[in-house]
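Here is a short tour for anyone who likes to read a model with the coordinates open. Take a look at the chain below, and then let us walk through its packing, its charged pairs and a few individual residues.

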Amino acid sequence: TVKRARETIFEYASCNDFDYFMTLTIDDKKQEHSKSLDELYPIISQWFRDYKKKHKDFTYLLVPEPHKKEDEDGLKRWHFHGLVKGIPKEDLIQFSEEHKGSKYINKRVKKGDVLYDWKNWYKRFGFNDIEPIKDKKAGEKYITKYVVKELGQNIKKPNSHLYYCSKGLKKAQIIAKGTYSFKVDADDKDFFDYVGDYCSCKTVENLAELEQLKEILIQKNYT
């Protein structure tokens, strides 16, 4: 379900140290099946596996998203948003006045933002933009926001995935387990680190923070 996928994506984003945000598009002239996720993803997955053979630290977490516009047959072209780690610097070209990108990218570059072109992806599939992660929480929110109701409606086949990731990503470990009688409003943005349509999340790093959290709940008079 969308709810379960969103929770898992948030967990992977929280438990792994990714380097970059990324948006990956598909050029029809370089790769067909851009409107069929079932046919497209195995091709991309194999390309990622081949890339990892050359770069062992390479890991990724991807969420597919359909473009808003439909073609004459009512089909939508797919692109991907995600988090990535382990792309060597020599495989990235910084967008600049000399190396231009889309209007959106060029506008951000003029504002002083640092964005990269993953030249390996561009050569094989098409346009992309890679942005360094400065805030881990921002990375978590960036990737989970794309798992929305619309995506669940567009991916209709049984057992289809709402996200894709490399093997071996870290997951959360249970360090304490118990039951508290406190209740918190699901849309309390002052309390939660992330509030979404399908789940709200509060992250603690250790048992000491868990105890502090308990005290906060008491102070807020949540009973």
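A residue counts as exposed when its relative accessible area is over 50%, as buried when that area is under 20%, and as partly exposed in between. By that scale Lys 53 is exposed, because its relative accessibility is 65%. Please keep in mind that this is a predicted model.

## The chain as a whole

The protein chain contains seven helices and nine strands. It has 223 residues, and 39% of them count as buried. Among the contacts with a separation of 6 or more, 71% are made by residues 24 or more positions apart.

## Helix 1 against helix 5

Two packed helices are described by the angle between their axes and the distance between the axes. What are these two values for helix 1 and helix 5? Helix 1 (residues 2-15) packs on helix 5 (residues 136-144) at an angle of about 155 degrees, and their axes lie 9 Å apart. Helix 1 is therefore roughly antiparallel to helix 5, since angles over 145 degrees fall in that class. The crossing of helix 1 past helix 5 is right-handed.

Which residues meet here? Helix 1 brings Arg 6, Ile 9, Phe 10, Ala 13, Ser 14 and Cys 15, while helix 5 answers with Lys 136, Glu 140, Ile 143 and Thr 144. Sorted by class, this contact holds five nonpolar, two polar and three charged residues.

Helix 5 also has a buried side, made up of Gly 139, Glu 140, Tyr 142, Ile 143 and Thr 144. The cover over these buried residues includes helix 1, strand 1 (20-24), strand 2 (59-70), strand 3 (76-85) and strand 8 (194-195). Glu 140, Ile 143 and Thr 144 thus appear both in the contact with helix 1 and among the buried residues of helix 5.

## Charged pairs

Side chains of opposite charge can pair when their charged atoms come close. The count for this model is five salt bridges. Here are some of them, with the N to O separation of each pair.

| Salt bridge | N to O distance |
|---|---|
| Lys 53 and Asp 50 | 3.9 Å |
| Glu 97 and Lys 100 | 3.1 Å |
| Asp 113 and Arg 108 | 2.9 Å |

The pair of Lys 53 and Asp 50 sits in helix 2 (residues 37-54), where the two are separated by about one helical turn because they are three residues apart. How accessible are the two partners? Lys 53 is exposed at 65% relative accessibility, and Asp 50 is partly exposed at 34%.

For the bridge between Glu 97 and Lys 100, Glu 97 is partly exposed with a relative accessible area of 47%, and Lys 100 is partly exposed with a value of 47%.

In the bridge between Asp 113 and Arg 108, is Arg 108 buried or exposed? Arg 108 is buried, with a relative accessible area of 14%, while Asp 113 is partly exposed at 27%. This bridge belongs to a wider arrangement: salt bridges with shared partners link Arg 108, Asp 113 and Glu 131 into one network.

## Three residues worth a visit

Let us finish with some individual positions.

His 33 lies in the loop between strand 1 and helix 2. Although His 33 is not a glycine, it has a positive phi of about 70 degrees. Its relative accessibility is 27%, so His 33 counts as partly exposed.

Ala 172 belongs to the loop between strand 7 (164-165) and strand 8. How far apart are Ala 172 and Ser 14 in sequence and in space? They are 158 residues apart in sequence, with their C-alpha atoms 8.4 Å apart in space. Leaving out residues up to four places away in sequence, Ala 172 touches Glu 11 and Cys 15. Cys 15 is also one of the helix 1 residues that meet helix 5.

Lys 119 is part of helix 4 (residues 119-124) and is partly exposed, with a relative accessible area of 37%. With residues up to four places away in sequence set aside, Lys 119 touches Glu 90, Asp 91 and Ile 93. Lys 119 and Asp 129 are ten residues apart in sequence, and the distance between their C-alpha atoms is 10.0 Å.

Key: Residues numbered from 1 in each chain as written. Predicted model: local features only at pLDDT ≥ 70, side-chain atom pairs only at ≥ 80, totals over all residues. Heavy atoms only, no water. Axes fitted to C-alpha atoms, helices over the stretch in contact; angles between N-to-C directions. Helix = DSSP H or I, 4+ residues; strand = E, 2+ residues; numbered from the N terminus. Parallel < 35°, antiparallel > 145°, perpendicular 65-115°, else oblique. Left-handed = near helix turned anticlockwise from the far one by under 90°. Contact = heavy atoms within 4.5 Å. Nonpolar A, V, L, I, M, F, W, Y, C, P; charged D, E, K, R; others polar. Salt bridge = Lys/Arg side-chain N within 4 Å of Asp/Glu carboxyl O. Buried < 20%, exposed > 50% of the residue type's maximum accessible area, 1.4 Å probe, protein only.
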